[in-house]
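Dear colleague,

I am passing on the structure we spoke of, and below it you will find my notes on the strands and on the interior. Please read them with the model open beside you.

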Amino acid sequence: MRGLQMRRSGLALAAVFACSALVAVRGAGNGIVMVPGGKVLFDFTAPSARVDTWEEQSDVVRSVGMSKAALVLQRTQQFQRAVFFTLLNPQPNGAGFAGMRTATRLDLSAYGRLALSCRGQGQNFGYKVVLRHRGLNDEPNPSYEQTFQAPRDEFGVVELPLQNFTAYYRGRPVPDAIPLDTSNITNVELQVYGGVYLPTKQSGASSLELNWISAE
């Protein structure tokens, strides 16, 4: 009898651990995807995920611009995620960008960083997350940016401290700009950059696969 009780207890504990594991990981067909902690901002693996609210924001807003961006959902019988496709055609000095952005209404004041589950492929692995606040979503207002290198080959989680988002206007720092108001984020953008003011120059076709973006 005692042995039967111990066996039942062991099975119960195994069930608890199995349920706990579901909180930590989620199958994604060709690998394991970490489930985000904190506040999920965009979960591209969810059945209800949408990308039609994201709009292109590329260098064709200027007469010399020739770049292109698109954000689509990749759905298969085994997994779903978003893919950020870019074709970057910069000027000789590196001026150029291709991005997708969406309007938001986010209060991130209780969080310390953004986290992205992603993987890069193609010619470029240098990306930016661009934030705007207080409804100041267009020129001549500065944007608040942070660059990162996308993981190669395998998915990884990129962490971007909110305090490190710096004000820029057309690629140049704006040292006297007010700090980013994390309590009133009204625009989020993903961007691949040419590197006009950076030591690394980028061009060509690339993709960034995304499972989710969260605040933690």
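Two strands are said to pair here if DSSP finds at least two bridges between them. With that in mind, and remembering throughout that this is a predicted model, strand E5 (residues 68-75) and strand E6 (residues 80-88) pair in the antiparallel sense over eight bridges. Four residues lie between E5 and E6, and the two strands form a hairpin; to find your place in the pairing, you can look for Ala69, whose bridge partner in E6 is Thr86.

The next item is an open sheet of seven strands with antiparallel pairing, in which the order runs E4-E7-E14-E9-E10-E12-E13. Strand E4 (55-56) and strand E13 (172-173) stand at the edges, and because each has a single partner strand, one side of each is left without a neighbour in the sheet.

Within that sheet I looked with some care at strand E10 (residues 143-149), which is mostly covered, since five of its seven residues are buried, buried meaning under 20% relative accessible area. Towards one neighbour, E10 pairs with strand E9 (residues 126-133) in the antiparallel sense over six bridges; Val130 stands opposite Glu145 of E10, and Val129 has Gln146 of E10 as its bridge partner. E10 also pairs with strand E12 (residues 166-169), again in the antiparallel sense, over three bridges, and there the bridge partner of Ser143 is Tyr168 in E12.

I then turned to empty space inside the protein. Rolling a probe the size of a water molecule over the atoms shows where such space is left. How many cavities of 30 Å³ or more does a search of the whole structure find? The search finds one, and the largest cavity has a volume of about 30 Å³. The residues that line the largest cavity are Leu114, Leu116, Val129, Val188, Leu190 and Ile213, and the elements that give two or more residues to this lining are strand E8 (113-122) and strand E14 (185-193). By character, the lining divides into six nonpolar residues, no polar and no charged. Val129 may be a useful landmark as you move between the two parts of these notes, for this residue belongs to the lining of the largest cavity and is also the bridge partner of Gln146 in E10.

With best wishes

Conventions
Residues are numbered from 1 along each chain as its sequence is written. This is a predicted model: local features need pLDDT of at least 70, side-chain atom pairs count only at pLDDT 80 or more; totals for chains, interfaces and linings use all residues. Side-chain values use heavy atoms; hydrogens and water are left out. Buried means under 20% relative accessible area, exposed over 50%, partly exposed in between (1.4 Å probe, protein chains only). On a 1 Å grid over the protein atoms alone, a cavity is a set of points where a 1.4 Å probe fits but cannot get out, and a pocket is an open set with protein on both sides within 12 Å along at least five of seven lines; lining residues have an atom within 4 Å of a point. Grid points are joined across faces, edges and corners, and a volume is the space filled by probe spheres set on the points. Ala, Val, Leu, Ile, Met, Phe, Trp, Tyr, Cys and Pro count as nonpolar, Asp, Glu, Lys and Arg as charged, and the others, Gly among them, as polar.
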